Amino acid sequence: MSRMIEIVRRDLRLALRQGSDSVMVVTFFVLTVVLFPFGIGPEANILERTSAGVLWVTALLASMLSLDRLFQADYEDGSLELLALTPTALEVLVLGKVAAHWLTTGLPLMVAAPVLAVLLHMNADGFGTLLLTMLLGTPTLSLIGAMGAALVLGARRGGVLLSLLVLPLYVPVLIFGVGAIDAAVQGLPSQAHLLILGGMLLASLALTPWAAAAALRQALE
Amino acid sequence: MTDDIPTATFSAENLACVRGERVVFAQMDFRLSSGEAVLLLGPNGSGKSSLLRLLAGLLKPASGHLLWDGTPVLDDREAHAARIHYVGHHDAIKPVLSVLENLRFWARLHDPKSGDATAQAALETMGLWRLAEVPGKLLSAGQKRRLNLARLLAAPAPVWLLDEPTVALDRASVKVLEGVMAEHRAAGGMVVLSTHADVDLPGAREMHLDDYTPAPMDVSEVWI
Amino acid sequence: MHRFANPARFLRLAAVILPWTAIATVLLLGAGLYLGLIASPADYQQGETVRIMYVHVPSAWLGMACYSTMAFASAVALIWKHPLADLVGKSAAPIGAGFTFVCLVTGSLWGRPMWGTWWAWDARLTSMLILLFLYLGYMALINAFDDPTRGARAAAILALAGAVNIPIIKFSVDWWNTLHQPASVTKFGMPSVDPAMLVPLLLMGLGFTTFFVTVLLLRVRSEIIAAKIRAIRLTQIHASSSQVAG
């Protein structure tokens, strides 16, 4: 546990000192959302109807942006093999790295989302649920994405390949994230959706570090 | 003094290593006891780095098992990780962290209770203490290598697996490393070292890895 | 000891099985197509277009079955590191992707006369579409590395991750579909099962299965040969370089 905290601290310190992807990710999020009114027209009711979907799809794409670099730097400078040789489960260290990654990407997205929801005329009833779905969903996206990042380490064109691998796996999170917000906006109960999102988060917490660690060990062989 | 030092044996029989689809070495027996050292020699491609990575646990052998005092190493990977230090080709130094921060991170990962005093002593031995606050990006290649080697001293581990550690080191630093290795062995530690340069390892067994390279496959034997 | 010491047994077995599965494929598909396209009754509601079902439904079955085979082979590859398991997974993927693609195309063709569009976001078709992407991702990953072993192992992990996700994806897509589709245009009209329709369906399913086995054996065999050629080349390279070194 203390080792996991060590790695979270180191990754956060690195993000702070060498400039992290936070700004780029949030900028992409904002820019892409802003593109939609140009694409589908600025009528308030169309934007409102599609706001949950647009926000979630864009957040999903934005959170994928910095994923391929999650393990890349450590892989290239030899830190990854030393991490694999630490006297603790590699899965724990992976969780630490993902936690740090989420703090620098998922959390800023979560903060930016309500602002963009205003731009898309989202119904006020949806805001709280929006935040909740992002709180439950973005860590799941980071976890699944980390597994993808570990799989494409050392591959040719890893960035694009990562998207192909990870986007199909994101679909359930997307469906229930948007479903919860739409339900809330229509005045229907959204607990079921949120519970399912929570369940997916727990399942990802349990399973993806294991898969990611296996993939990392493959990369180091 | 010998009664205080616990003796342990690191061994393997019939080891084979396959990288990609090539058999790098096969039918290798390996044995190392406390205080001993092995010098790995052989041409490029003979498997020196592969053997070191295999001993560290980064690579799985295609045949044979690694044993520590008779118990298979794979039964408890974390215990094995705790007892080795691996120094590879890369120096694992973050450019934006200072020398001390880099060392402290690795020391604490290996042993969470490791204190600043050990880190300081390690840096002093390696001649880096006065550079403690310097960020990694300003270090020369030799200084980076010395920082990497300082890990050996910042947290204790009985087995040192060193892959060409003297690259980029000047004569004085090589002497320091030799002294450090001698002290380590005197205290019961083991050293496995691969090198192309001259490193003084008194009493080390030499292992020529091309002795274990399998003979080239006779093409006529292959049928399709 | 060498990793490829074993395939001789597989190659002998494959040589024995292949003629039988090939013949079985031709017979089963021939019978199935004849019964399905010509001899069985048309549906009173959908008319002749229901006959697309005889290709569409078995394709869906095989698309799923191939992925299960891949996932099982991946598990074997990761646990026992048997090189044949890697090859089975790698060989099965394009076949499964092909079946899934056929399922999607026939699904589109079947839907066109019924509701006038080339595509409907029906729950099953959408799940099949996502399955196709899972296949494509697997195939891309296997070929993305210079070292074939590395590609195979990474793809094995991905196949297992996909296998775990497939039920979740299916559940999510089903739920999403009930939410968004108006009730009138939801499921593909699977006609009530007339025994005359069941027999050709099963024959097609079996025929597709023997087809899968035949092509799988052929592909694994060619992968083994390719690996042997690579091994020979590697030996020649190292033999010549050690001659140079003296």
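**Figure 1. Chain C is built from helices alone in this predicted model.** From the N terminus on, the elements of chain C follow the order α-α-α-α-α-α. That comes to six helices and zero strands. Of the 246 residues in chain C, 48% are buried. Contacts between residues 6 or more positions apart were also sorted by separation, and 82% of those in chain C join residues 24 or more positions apart. The exposed area of chain C is about 11,700 Å², and carbon and sulfur atoms supply 72% of this area.

**Figure 2. Two cysteines of chain C, C66(C) and C103(C), are in no disulfide.** A disulfide is a covalent bond between the sulfur atoms of two cysteines. The structure holds zero disulfides over all chains. For C66(C), the nearest cysteine sulfur belongs to C103(C), 12 Å away. For C103(C), the nearest cysteine sulfur is in turn that of C66(C), again 12 Å away. Two cysteine sulfur atoms count as a disulfide only within 2.5 Å. Are these cysteines buried or exposed? C66(C) counts as buried because its relative accessibility is 0%. C103(C) is buried too, with a relative accessible area of 0%.

**Figure 3. K81(C) sits in a loop between two helices of chain C.** The loop joins α2 (53-80) to α3 (83-115). Most residues other than glycine have a negative phi. What is the phi of K81(C)? The angle is positive, about 55 degrees, although K81(C) is not a glycine. K81(C) has a relative accessible area of 34%, so this residue is classed as partly exposed.

**Figure 4. Chain B contains both helices and strands.** The secondary structure of chain B comes to six helices and nine strands. Along its principal axes, the C-alpha trace spans about 65 × 40 × 30 Å. How does the radius of gyration of chain B agree with that of a compact globule? A compact globule of 224 residues would have a radius of gyration near 17 Å, and the 19 Å of chain B agrees with this. Buried residues make up 53% of the 224 residues. Among contacts between residues at least 6 apart in sequence, 71% join residues at least 24 apart. Chain B exposes about 10,100 Å², of which carbon and sulfur atoms supply 51%. The chain carries 22 positive and 28 negative side chains. The centres of these two sets of charges lie 8 Å apart.

**Figure 5. E164(B) has a positive phi in a loop of chain B.** The loop runs between strand β7 (159-163) and helix α6 (171-186). Phi of E164(B) is near 50 degrees, and the residue is not a glycine. Is E164(B) buried or exposed? Its relative accessible area is 16%, so E164(B) is buried. The cut-off for buried is under 20% relative accessible area.

**Figure 6. E6(A) of chain A touches residues of chain B.** E6(A) is found in helix α1 of chain A, which covers residues 2-18. Which residues does E6(A) touch, leaving aside those up to four places away in sequence? They are F105(B), R108(B) and L109(B). E6(A) counts as buried because its relative accessibility is 11%.

Notes:
Residues numbered from 1 in each chain as written. Chains lettered and ligands numbered in written order. Predicted model: local features only at pLDDT ≥ 70, side-chain atom pairs only at ≥ 80, totals over all residues. Heavy atoms only, no water. Helix = DSSP H or I, 4+ residues; strand = E, 2+ residues; numbered from the N terminus. Rg over C-alpha atoms; globule rule 2.2 N^0.38 Å. Buried < 20%, exposed > 50% of the residue type's maximum accessible area, 1.4 Å probe, protein only. Contact = heavy atoms within 4.5 Å. Areas by Shrake-Rupley, 256 points an atom, 1.4 Å probe, with all protein chains shown as cover. Lys, Arg positive; Asp, Glu negative; His and termini not counted. Charge placed at Lys NZ, Arg CZ, Asp CG, Glu CD.
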